[in-house]
Amino acid sequence: MVKTDYRLFMQAEILDLPDPLRPTSISPFVGRAAELEKLRTLMPRAEGERRRVALLAGEPGAGKSRLAREFAAQVAIEGVLVLYGACDAVVRTPYGPFVEALEHLVRVTDEAQLRAALGAGGGELNRLIPDLPARVGGLAQPVKADADTERHRLHTAVADLLANVSRARPILLVLEDGHWADATTLLLLRHLARSAWSARLLILATFRDGEADVLAELSETLADLRRSDDVVRMRLEGLSGAEVSDLVSRSAGSDPDPNDPQLHELATTIHDLTAGNAFLVCELWRAVVETGIVEVAGGQVRVTGPLTEFGTPESVREVVSQRLSRLTPRTIELLELAAAAGPEFELEPVRRAAGIAEPELLAALEEAVGSGMIEELHAKRLACRFTHEIVRRALYDRLSRLRRAELHLRVGEALESAGANSDRALADLAHHFGAAAPFGGTERAIDYNLRAARAASAALAFDDAAMRLRTAIEIGIQGQPERAGALLELGAASHRAGKATDALDAFASAAELARALDSGELLARAAIGYEDACWRPGVIRADAIELLEEALAAVDDSNDELRIGLLAGLSRALDFAGERERGALVRDNAIALARRYEDRAGLAKVLVGSYWARGTTPLEEILSMLTEARDLAQELGDAEIHTEAMAWRVPTFVALCDLDSARAEVVALREMAEHTAQPFMHHVAEHYGSAIALCDGNLADAEAMAGRSHDWARLLTGRDASGTHGIQMFGVRREQGRLAELAPVIRILAGGAEREGPWRPGLAVVLAELGMEREAKRELSRLAAEGIDGYQASLWLATLTYLTDACAAVNDEGMAAIVYPELEPLAGTNVMIGHLVACYGAADRYLGMLAAILGEPGRAEEHFEQAMEQNRRMGASTWVAHTAYEYGRFLLRRGRRARDHAQALLGEAAGLAERIGMEGLLGKIRLLGVPTSDVLPGGLSPREAQILKLVARGLSNREIGQELTISEHTAANHIRNILRKTDCANRTEAASYAHRQGLASG
């Protein structure tokens, strides 16, 4: 059991320990020995150790903060640099706890060391620490880019700073009250916990884990952090009866006497009434002493009243009310103002709000501290905090709504008179004047909320910015132009936060006001924002086209910049909606207008959208426009358009069957993404790379890149890349012969209520390739009866290819007749799923398979020849192997005259499949009786393959022994090895494996 003497810490030289972590409590610290030891174990101290994260959970009052302070004080004495930040229960500022921690880091770090630790990207931290340039001059300004890129650069700069400082001294970063964290704080915590970086750093984050306290964003963050090996979760339970007895004895100034019956009864009663909750234990102890039920004298505890009179009040509010009844009116007013000010408050603004002289303030303060409701902070400024947020909240909740508004107004005016203009001060003023709106001061509430919103946007806290803007709008911005401007800002903030629906609503409302004001400029800005909020998340909205056309008619002809922007958006919206002819016409007009007025930036923006003109504009022309957009953006220094143009060039090359150029462009795109630190482009480059690696037959690379793409996607807001990852892993596992692993997930997806995505056709493929022909035929029959048109909305080409594979496996002529005319227009092209989510090679391979099923051998042979030539030319080894297999299988059915050609094709397919590791295809080839190399699947020996064949026939161990003249025991040993090597759970799964790998026949 740990018992800490706080006087030791008070005397220790821990001068750079953050003020909130300095020991202040008069209650002794008991218990928590195991937790302290675990935290000490987690603290990285040696060179080369990785950063770690400890998530400390518990109910309100469990003692999380006290444990964090105790641990921080201990390691600070040992030379660890301790940083601290708390999430505010009232005013949630962008990156609030990290800003608090980093400001302390900047204060206590030597200037030369700080400059070296900031590195090349240190200027990004200007967003969080506006005073940083005054301390370290010459820092570059933060890079302007898309929201995800700016955020990633900032997060990387924070990680680099912590890593560099930790080389000289280990760091403990305490983040308190994570249940009140804003979205930006959680995103940065997630980055620090999951990204690949090393530092001698322990992040200790505390949070409440009650169902009501864990909001959706925190819940998602916790779930994500559990995937990291460097994250440890701890939970504080209540104090034990012995620990409560220890606390009572030490509070009385004595050592515990286990044989004292009164002490035992008192401690047991307190424990039973509080369930060991540390805060309630301390409060109840204070209550029984103050009411005289318990007397403490000379280190002895004496119960003077009947314990039956002593019980827990119905709520903490009642405890607070009882304590307030014993205080003077001036002290009560001070505490009420403090409760409105927040969990931690400076005394000067509270004194101004109270309108009292300093002597009166100090007298009231002394009484308030003596009551145990607040405590002084060890800081240069005069400041206090509530002993627990539970106390502040109980005090605040007992006030009427009007009284709260009055107090907030007084606090706001006191803060305003101080003249502070930091981002935190703006957030405080916005909060207090916003809360005071029912009482007065609405103009200031609107002004400060608008200013706080802009400060939040500059700090990349777009959710916070949107919240402030909504507050200003709801309070009531009087002027319609100003209200429209705020709505445009709200739309932009919501869009950058990844909240497409909120953005669309805000832009639509701004458009309504623009119509009422007859302002073409406002309408144009609303229309451009509306369309931009539609296309990025893939939302197809006909009203976007209508709004853009309306704005074009309304905007002044002389405003070329807005007209070009409107035409660029309209061409993209038309393409997106399938009106490609109109889209091409509008794009031509936009390009001509931009060239006429020499608007190079506008021209680049129009040209980069040309990718969406596929279908009406030749691919060569699209490639030319994208190349011009890339070159223009490079000249203008526009990294966002530059990388976007490169990104669209890759699938354009693939569509042109030029995989060599696509491979080179992916390398360049990955380098550009690295240079600009754009998470979205990292995500795109990796999923492009995965698709091409699958074509090339590099299955391990394809899997690794798909995984990296999915990891990068986790850093993006408003985008769910799980579908992309699912399709890519479907392709990889299929070639590896491991589709059975995905079968349960695909069944769930296929059974969903929404008919979206290719998962039901994908299920038909899985069933067919696992040898479940009856189920596959049944699924295909259901799809044919329902019609497949409903799958056109999402990855239509994936649906058609999966249906082709399934009906070829089970020879379903009915489905083949449905699919062939849908795929026929794609003859001579590459099958590209989505925007290069996957590439399955020449479309003619699928057309050849379908023609063969439909009994059209001449057409099938033409398609297969075209597919072989195209796939070979592209170097798409995986699809050469599949085409050779399908073509050879087709020729085998045509008789002896084609047998030699068939055998040659199948031999080629087998050679490629063996080299690449295409276990699924090798199994199919073996089923045709075509010899492959001596290498058996799963590392099986020839004897094990022989026994597996007998297992597939249903023979028992004894029957296998008789068949092969071996003992039953030897047969059992072989079967155990077979199950281990093939990763099968039982004989039934092993039999299925034998059929899939072509080992059950012959």
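**Figure 1. Surroundings of Arg410 in helix 18 of the predicted model.** Arg410 is part of helix 18, which comprises residues 401–418. With a relative accessible area of 18%, Arg410 counts as buried, because the cut-off for that class is under 20%. Leaving aside residues up to four places away in sequence, Arg410 is in contact with Glu333, Leu337, Ala353, Ala354 and Arg403. For Ala353, the view shows the side chain of Arg410 reaching the backbone oxygen of that residue at 3.0 Å. Ala341 is also marked: 69 residues separate Ala341 from Arg410 in sequence, and the C-alpha atoms of the two residues are 9.6 Å apart in space.

**Figure 2. Surroundings of Arg190 in helix 8.** Helix 8 runs over residues 183–194 and contains Arg190. The relative accessible area of Arg190 is 17%, so this residue is likewise classed as buried under the 20% limit. The side chains of Arg190 and Thr221 are joined by a polar contact of 3.2 Å. Beyond the residues up to four places away in sequence, Arg190 touches Ser195, Glu220, Thr221, Asp224, Leu225 and Arg714.

**Figure 3. The open sheet of five strands.** The strands follow the order 2-3-4-1-5 and pair in parallel. Strand 2 (81–86) and strand 5 (231–235) stand at the edges; each has a single partner strand, so one side of each lacks a neighbour in the sheet. On average, and with direction ignored, neighbouring strands of this sheet are turned by 15° against each other. Helix 4, formed by residues 96–108, packs on the sheet and touches both strand 2 and strand 3. The direction of helix 4 makes about 150° with that of strand 2.

**Figure 4. Pairing of strand 2 with strand 3.** The two strands run parallel and are joined by six bridges, with strand 3 made up of residues 171–176. Strands of a sheet pair through backbone hydrogen bonds, in either a parallel or an antiparallel manner. Two of the facing positions can be located in this view. Leu83 stands opposite Leu173 of strand 3, and Ala86 has Glu176 in strand 3 as its bridge partner. Although strand 2 is at an edge of the sheet, five of its six residues are buried, and the strand is mostly covered.

**Figure 5. The open sheet of three strands.** The order of the strands is 8-10-9, and their pairing is antiparallel. Strand 8 (344–346) and strand 9 (374–376) occupy the edges, each with a single partner strand, so one side of each is left without a neighbour in the sheet. The twist from one strand to the next averages 30°. Three bridges connect strand 9 to strand 10, which consists of residues 383–386, and these two strands run antiparallel. Within strand 10, Cys384 is the residue opposite Glu376.

**Figure 6. Helix 26 and the residue Gly578.** Helix 26 is formed by the 17 residues 560–576. At 1.5 Å a residue, this helix should span 24 Å, which agrees with the 24 Å between its end C-alpha atoms. Of the 17 residues, 15 are buried, so helix 26 is largely enclosed by the rest of the structure. Gly578, just after the helix, takes a positive phi of about 90°.

Notes
Residues numbered from 1 in each chain as written. Predicted model: local features only at pLDDT ≥ 70, side-chain atom pairs only at ≥ 80, totals over all residues. Heavy atoms only, no water. Pairing = 2+ DSSP bridges. Helix = DSSP H or I, 4+ residues; strand = E, 2+ residues; numbered from the N terminus. Axes fitted to C-alpha atoms, helices over the stretch in contact; angles between N-to-C directions. Contact = heavy atoms within 4.5 Å. Buried < 20%, exposed > 50% of the residue type's maximum accessible area, 1.4 Å probe, protein only. Expected span 1.5 Å × (residues − 1). Polar contact = N/O pair within 3.5 Å; in protein donor to acceptor, adjacent residues only side chain to side chain.
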